[in-house]
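Hi,

Here is the structure I promised to pass on. Have a look at it first, and then read on for what turned up when I went through it.

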Amino acid sequence: TTRSYIAGAIRQEHGINEGTLAILCNALARIGFNDENSWQCLTLLIIDSCRGPTLRTQNAALISNAYAKLARNDSSLLAHLALELTLVPTSAFVGPPGARDLSNLLNSYARLRYRDVAL
């Protein structure tokens, strides 16, 4: 089936980066793809790949928004992103793009009713 194919493809990917993961999460959320095995694999890859201080705020916003769209309240992922975002220079949140990313991040966390002192 399509679900097992996607989960298998995610498991086999070794050179995936945070930008690719963010785009993939966003695309899967847009089509309503909510297969548990696939998202478990994605969560592990995101936690492994998305690290501050080089974490791009746009990628974190896309990932958290995808989880919020699908109501996937994964506390390990959300806590990881919150912690890693504290390592990102505050200048990354300055100006319209950074402010938009921050707004999207906080909105995603609010929709999931997830509170984190780091944020």
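Which residues of H5 are buried? The buried ones are Leu77, Leu78, His80, Leu81, Ala82, Glu84 and Leu85. They pack against H3, H4 and H6. Keep Leu81 and Glu84 in mind, since both come back below.

Before going further, a word on confidence. This is a predicted model, with a mean pLDDT of 88 over the protein chain and 85% of the residues at 70 or above. H4 has the highest confidence, with a mean of 97, while helix H1 (residues 2–12) has the lowest, with a mean of 58. Where pLDDT is low, the predicted coordinates should not be read in detail, so please go easy on anything you see in H1, given that mean of 58.

Now the core. The largest nonpolar core contains 31 residues, and the ones with the most contacts inside it are Cys25, Trp39, Ile46, Ile63, Tyr67 and Leu81. Two or more residues come from each of helix H2 (18–30), helix H3 (36–49), helix H4 (57–69), helix H5 (75–85) and helix H6 (95–111). The biggest share is from H4, which supplies six residues.

Trp39 is a good place to start if you want to click around. Setting aside neighbours within four places in sequence, Trp39 touches Cys25, Leu28, Ala29, Phe33, Asn34, Ala66, Tyr67, Leu70 and Arg72. Two of those partners, Cys25 and Tyr67, are also on the list of residues with the most contacts inside the core.

Arg72 has a second role, in a salt bridge. Searching the whole structure gives two of these.

- Glu36 with Arg72: the side chains meet at 3.0 Å, N to O. Glu36 sits in helix H3 and Arg72 in the loop between H4 and H5, so this pair ties together parts 36 residues apart in sequence. Arg72 is buried, at 14% relative accessibility, whereas Glu36 is partly exposed, at 41%.
- Glu84 with Arg51: here the closest N and O atoms are 3.8 Å apart. Glu84 belongs to helix H5 and Arg51 to the loop between H3 and H4, so the parts tied together are 33 residues apart in sequence. In this pair Glu84 is the buried partner, with a relative accessible area of 8%, and Arg51 is partly exposed at 37%.

Finally, some backbone geometry to look at before you set anything up. Most residues other than glycine have a negative phi, and most peptide bonds are trans. Where does the model depart from that? A cis peptide bond joins Gly52 and Pro53, with omega at about 0°. Pro53 is in the loop between H3 and H4, which is also where Arg51 of the second salt bridge lies.

Then there are two residues other than glycine with a positive phi. Ala71 has a phi near 55° and lies in the loop between H4 and H5, the loop that also holds Arg72. With a relative accessibility of 60%, Ala71 counts as exposed. Arg113 likewise has a phi near 55°; its place is in the segment after H6, and at 69% relative accessibility Arg113 is exposed too.

That's what I have for now. Shout if something looks odd on your side.

Cheers

Conventions. Residues numbered from 1 in each chain as written. Predicted model: local features only at pLDDT ≥ 70, side-chain atom pairs only at ≥ 80, totals over all residues. Heavy atoms only, no water. Core = buried A, V, L, I, M, F, W, Y, C linked by side-chain atoms within 4.5 Å. Buried < 20%, exposed > 50% of the residue type's maximum accessible area, 1.4 Å probe, protein only. Helix = DSSP H or I, 4+ residues; strand = E, 2+ residues; numbered from the N terminus. Contact = heavy atoms within 4.5 Å. Salt bridge = Lys/Arg side-chain N within 4 Å of Asp/Glu carboxyl O. pLDDT = per-residue confidence, 0-100.
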